[in-house]
Amino acid sequence: MKNIAVIGAGTMGNGIAHTFAQFDYNVQLIDVSEKALEKGLATISKNLDRMVAKEKISEEDKNKTLGNITTYTSIKEGVKYASLVIEAATENVALKSKIFRELDEVCPEDTILATNTSSISITQIAAETNRADKVIGMHFMNPVPIMKLVEIIRGYNTSDEVTQFIVDLSEKINKVPVEVNDYPGFVANRILMPMINESIETLYNGVAGVAEIDTVMKLGMAHPMGPLQLADFIGLDVCLSILNVMYDGFKNPKYAPCPLLVNMVMAGKLGVKSGEGFYDYSESRKAEKVAKMFS
């Protein structure tokens with residue numbers, strides 16, 4: 001198990017690639033966009049520079065980590081020798097289904113297929129393949145190189161052997177694996193997203209402003225980041241997608257996304273990645289300035 005392929009060079013994908021490469025695994029980072037791959041590698045390099053500056057790793061460690069990563073724009077070429085593939089594409093059922101159908105066709109028979117989905121059924125994704133026993137969820141937290149938790153989600157047919165292997169592998173990269181059952185949102189987002197959605201409802205109903213809501217949760221509940229700032233950090237489009245998955249899966253109105261969230265996503269106000277969400281990030285990635293529409 002030395003060759004790990006990662007599908008998607010975005011925030012989660014490059015973080016996963018960084019982590020495995022730092023622990024001396026050969027990582028094949030795959031994305032359809034060459035530009036996305038360049039950006040992903042630049043992000044990894046920048047994050048490693050921070051670690052060097054803090055004296056957590058040496059310059060040699062940084063260069064070795066980057067040297068462990070090879071990029072591909074072809075899934076077929078990138079997974080040719082992979083023992084494990086971790087899909088970290090956009091949180092979209094149709095896209096993930098398409099990727100897993102292709103992976104099943106081009107990967108070696110014994111390759112384990114994992115998904116970093118934060119809400120979508122592992123059983124549903126596994127049904128797109130002829131190796132449901134080798135399909136599993138590995139939900140990493142953002143930022144991946146720093147956050148310890150990995151939710152391990154086994155589908156209906158995931159084997160005990162594959163589950164134990166992924167648990168052991170997670171520990172080898174200094175993560176804390178927690179096994180959970182395959183229900184929409186799993187544990188992390190089943191609890192987190194309703195809190196974020198309720199925070200948006202609180203703003204929508206005029207109970208308090210953006211900074212006030214976040215301050216209450218930071219100082220009153222000891223959260224390191226307010227829920228609206230966290231939503232911006234995750235991406236409002238991602239929050240909406242996860243809420244829709246849970247709403248469709250449970251048919252419970254408590255998971256219905258707030259109209260304000262829906263409108264902001266339609267307007268392209270997605271948070272940090274778009275430069276504006278509940279806060280304005282045009283001058284800083286820190287949530288220091290409330291967005292004009294809420295100030």
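Trainee: Before we look at helix 1, what makes a residue buried?

Mentor: Buried means under 20% relative accessible area. Bear in mind that this is a predicted model. In helix 1, the residues that meet the cut-off are Met12, Gly13, Asn14, Gly15, Ile16, Ala17, His18, Thr19, Phe20 and Ala21.

Trainee: Why is helix 1 called largely enclosed by the rest of the structure?

Mentor: Helix 1 earns that description because 10 of its 12 residues are buried.

Trainee: How do you know that the reach of helix 1 is close to the expected one?

Mentor: The expected span is 1.5 Å times one less than the number of residues. Helix 1 covers residues 11–22, and for its 12 residues that rule gives 16 Å. From first C-alpha to last, the helix reaches 17 Å, so the two values are close. After helix 1 comes Asp24, with a positive phi near 70 degrees.

Trainee: What makes strand 1 and strand 2 a pair?

Mentor: Two strands pair if there are at least two bridges between them. Strand 1 (residues 3–7) and strand 2 have five, in the parallel sense, so they qualify. One of the contacts to look up is Ile4, whose bridge partner in strand 2 is Val27.

Trainee: And which strand does strand 2 join through four bridges?

Mentor: That is strand 3 (residues 69–72), which runs parallel to strand 2. Here Gln28 stands opposite Thr70 of strand 3. Strand 2 (residues 26–30) is also largely enclosed by the rest of the structure, because four of its five residues are buried.

Trainee: Why is the unit of strand 1, helix 1 and strand 2 called right-handed?

Mentor: Point the strands away from you: a crossover is right-handed if the path from the first strand over the helix to the second runs clockwise. Strand 1, helix 1 and strand 2 make a β-α-β unit of that hand.

Trainee: How do you know that strand 6 is largely enclosed?

Mentor: Six of the six residues of strand 6 (residues 135–140) are buried, so the description fits. Val135, Gly137 and His139 point one way, while Ile136, Met138 and Phe140 point the other, and all are buried.

Trainee: What makes strand 5 and strand 7 partners of strand 6?

Mentor: Set the bridges against the minimum of two. Strand 5 (residues 112–115) is joined to strand 6 by three bridges and runs parallel to it, with Ala114 opposite Ile136. Strand 7 (residues 149–154) pairs with strand 6 over five bridges in the antiparallel sense, and Ile152 is the bridge partner of Met138. Both pairs pass, because at least two bridges are needed.

Note on methods. Residues are numbered from 1 along each chain as its sequence is written. This is a predicted model: local features need pLDDT of at least 70, side-chain atom pairs count only at pLDDT 80 or more; totals for chains, interfaces and linings use all residues. Side-chain values use heavy atoms; hydrogens and water are left out. Buried means under 20% relative accessible area, exposed over 50%, partly exposed in between (1.4 Å probe, protein chains only).
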